[in-house]
Amino acid sequence: MMSRSEALFQRACRVIPGGVNSPVRAFGSVGETPRFIRSANGAYLTDADGVEYLDFVGSWGPMILGHNHPAVREAVQKACEGGLSYGAATEYEVQIAELICSEVPNIEMIRMVNSGTEAVMSAIRAARGYTGRDKIVKFMGCYHGHSDALLVQAGSGVMTAGVPDSAGVPAGCTKDTLSAVYNDLGSVEKLFAEFPEEIAAVIVEPVAANMGVVPPEEGFLQGLRSLCTRYGAVLIFDEVITGFRLGFTGAQGYFGVDADLVTYGKIIGAGMPVGAYGGKREILSLVAPSGPVYQAGTLSGNPVAMQAGMAQLKLLREHPEIYTELNRKGDWFFEELKKALKECSLPYQVNHVGSLGSLFFTGGPVTDYASAKTSDTALFASWFRYMLGKQIYFAPSQFEAIFLSAAHTREELEQVLELGREFLKRI
Ligand SMILES: *Cc1c(COP(=O)(O)O)cnc(C)c1O
């Protein structure tokens, strides 16, 4: 008999492209049907058939405290009583902006939007408005949302102007997008040497987490900082995943490198649709209505979303031990996974930073997009299906992160390691 998830997926496919509202939710590449989720609590998801899974996706990051955290839920319930949206300024927006500006280095002003995509798109516009330049540098394998100019991975060499990755993106929209190689400062230097006065911004995921997790090598982020300073370009840290995850001050604080602009998403909304971009006052004050860089949003700074985000951020701010414990747990879990690979003499790779990690089914170190792509995705698919069968829910792609949350217990992680050892022994 067909499961409820399967039945729902059939219905969904008739009325929603691919049956899902975001491609990352599809299970096609791992040969499975997506589970339709009914509810979530702590570290667990429950699907439409009532099956409970230990979740390592955490809504792709926002659920750093675990699902359905009482502080967040209660804040939302209370917020709803005040009405859902006003299209006018509120005290909640001031509070969350004050909290972030007072706690995170280099964030002197911040503008709320509705998604990470919007945050990045707007930060790029602000950087271009500020510098009066058009070109931007991004890294192959880094994801910055689905806006036109950023849908470029540019396979063919770092010196070529971007070629769109998606149908429907006019070549004109990506002609100013230059691609460099992650962890390769030389590739960025070359672009600056060729276009010393045309590059408005370098945008980077300070820990790449959309080609699987790829940490920045020693000196890489610092090198980007000096290049941007030397050439008068804006350094944008896309902290949609790392922001409020590596620590309250995100990657800037974790690695001790200053960005000019920072983009947020995911954790900042605690599960509600929120993004934000913030940074130097001299850049942010160019944004409308105080300046000529236009950017707007009917639902931006939505009162319910702000109160949800604020509840989570406040908790994280007031309890720094959450980060200490979470990062320690991450180090332990991913290092144990490495040990398991060694015991089985398998040449696979584990990359991790804090509570983010990936197991790559490839022999060599994974330091950039090219090395990540050498992974055996068929083997990943069988790992994924094995784990799903044991009610462990990993992201359905080799090129996504494993997200740990404060809700995962050592005992649960120990069980996953045990299952991992079993799987690895069989291959
Ligand atoms: C998820 C993500 C985005 C896009 O955010 P959305 O809210 O999905 O639009 C941008 N940058 C990074 C690094 C992300 O992980």
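Helices and strands here are DSSP runs, at least four residues for a helix and at least two for a strand, numbered from the N terminus. With that in hand, asparagine 183 is easy to place: look in the loop between strand S6 (177-180) and helix H6 (185-194). Keep in mind that you're looking at a predicted model.

Let's stay with asparagine 183 for a moment. Its phi is positive, about 70°, although asparagine 183 is not a glycine. Is asparagine 183 buried or exposed? Asparagine 183 is buried, because its relative accessible area is 14% and the cut-off for buried is under 20%.

Asparagine 68 also has a positive phi, near 55°, and is a residue other than glycine. You'll find asparagine 68 in the loop between strand S3 (52-55) and helix H2 (70-81). With a relative accessible area of 34%, asparagine 68 is partly exposed.

One more backbone detail: alanine 288 and proline 289 are joined by a cis peptide bond, with omega at about 5°. Proline 289 sits in the loop between H9 and H10.

Now for the ligand. Which residues surround the ligand? They are Ser115, Gly116, Thr117, Tyr143, His144, Gly145, Glu205, Asn210, Asp238, Val240, Ile241 and Lys266. Sorted by type, this shell has three nonpolar, six polar and three charged residues. Some of the atom pairs are worth a look. Threonine 117 places a polar side-chain atom 2.6 Å from an oxygen atom of the ligand. Tyrosine 143 uses its backbone instead, with a polar atom 3.3 Å from a nitrogen atom of the ligand. Aspartate 238 has a polar side-chain atom 2.7 Å from a ligand nitrogen. On its own the ligand would expose 380 Å², and the protein buries 83% of that.

On to charge pairs. Side chains of opposite charge can pair when their charged atoms come close. How many salt bridges does the count come to? The count is 12, and the table lists some of these pairs.

| Salt bridge | Closest N to O distance |
|---|---|
| Arginine 317 and glutamate 103 | 2.8 Å |
| Aspartate 176 and lysine 175 | 3.3 Å |
| Lysine 280 and aspartate 260 | 3.2 Å |

Take the pair of arginine 317 and glutamate 103, with its closest N and O atoms 2.8 Å apart. Arginine 317 lies in helix H10 (residues 303-318) and glutamate 103 in helix H3 (residues 91-103), so this pair ties together parts that are 214 residues apart in sequence. Arginine 317 is partly exposed at 34% relative accessible area, and glutamate 103 is partly exposed at 27%.

The salt bridge between lysine 280 and aspartate 260 links two loops. Lysine 280 is in the loop between strand S10 (275-279) and helix H9 (281-284), and aspartate 260 is in the loop between helix H8 (250-255) and strand S9 (261-264), so the pair ties together parts 20 residues apart in sequence. Lysine 280 counts as partly exposed at 22% relative accessibility, whereas aspartate 260 is buried at 10%.

In the remaining pair of the table, aspartate 176 is buried at 12% relative accessibility, while lysine 175 is partly exposed at 48%.

There's also a network of salt bridges linking Glu336, Lys339, Glu414, Glu418 and Arg421. From lysine 339 you can step to glycine 363: their C-alpha atoms are separated by 15 Å, and the two residues are 24 apart along the chain. Glycine 363 belongs to the loop between strand S12 (356-360) and helix H12 (369-372). With 48% relative accessibility, glycine 363 is partly exposed. Leaving aside neighbours within four places in sequence, glycine 363 is in contact with Pro347 and Gln349.

Note on methods
Residues are numbered from 1 along each chain as its sequence is written. This is a predicted model: local features need pLDDT of at least 70, side-chain atom pairs count only at pLDDT 80 or more; totals for chains, interfaces and linings use all residues. Side-chain values use heavy atoms; hydrogens and water are left out. A residue is near a molecule or strand if one of its heavy atoms lies within 4 Å of it. A polar contact is a pair of N or O atoms within 3.5 Å; within protein, one must be able to donate a hydrogen and the other to accept it, and residues adjacent in sequence count only if both atoms are side-chain atoms. Accessible areas come from the Shrake-Rupley method with a 1.4 Å probe; for residues, only the protein chains shown count as cover. Ala, Val, Leu, Ile, Met, Phe, Trp, Tyr, Cys and Pro count as nonpolar, Asp, Glu, Lys and Arg as charged, and the others, Gly among them, as polar. Buried means under 20% relative accessible area, exposed over 50%, partly exposed in between (1.4 Å probe, protein chains only). Contact means heavy atoms within 4.5 Å. A salt bridge is a side-chain nitrogen of Lys or Arg within 4 Å of a carboxyl oxygen of Asp or Glu.
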